[in-house]
Amino acid sequence: MEKDYIKYLIECLKVIQNPDVEQSTKEKFIKELLKKSIDYNFNYGDATKKALKDIVDISATEQELFVSIMFYLTSNDVSC
């Protein structure tokens, strides 16, 4: 499991650093990487993982994503 995540992380970094790849494609890779990171976090319950992944999906900007996640983590029981 960890090995697959590291391989995926390396592939994402290659795409993100490639100047020939469109920004929208890079953003999709980053969002997928964030969602995989959430899945691999054993401190979050299933409901929290789903909520955080939904936040990643609907956030339009980095600032919106940061604020939304911080608000969620500070106002909810993340063990659920």
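# Reading a surface patch and a pocket

Author: Phe66, Val67 and Met70 form a nonpolar surface patch of about 300 Å². The model is predicted, so local features need pLDDT of at least 70, side-chain atom pairs count only at pLDDT 80 or more, and totals for chains, interfaces and linings use all residues. Residues are numbered from 1 along each chain as its sequence is written, and side-chain values use heavy atoms, without hydrogens and water.

Reader: What is a patch made of?

Author: Patches take residues with over 30% relative accessible area and no salt bridge (a side-chain nitrogen of Lys or Arg within 4 Å of a carboxyl oxygen of Asp or Glu). Nonpolar side chains (Val, Leu, Ile, Met, Phe, Trp, Tyr) are joined within 5 Å, like charges within 9 Å. Areas come from the Shrake-Rupley method with a 1.4 Å probe, and for residues only the protein chains shown count as cover.

Reader: Is Phe66 buried or exposed?

Author: Buried means under 20% relative accessible area, exposed over 50%, and partly exposed in between. Phe66 has 55%, so Phe66 is exposed. Phe66 lies in helix α4 (residues 62-75).

Reader: How many helices does the chain have?

Author: Helices (H or I, at least four residues) and strands (E, at least two) are DSSP runs, numbered from the N terminus. The chain has four helices and zero strands.

Reader: What share of the chain is buried?

Author: Buried residues are 20% of the 80 residues in the chain.

Methods:
Buried < 20%, exposed > 50% of the residue type's maximum accessible area, 1.4 Å probe, protein only.
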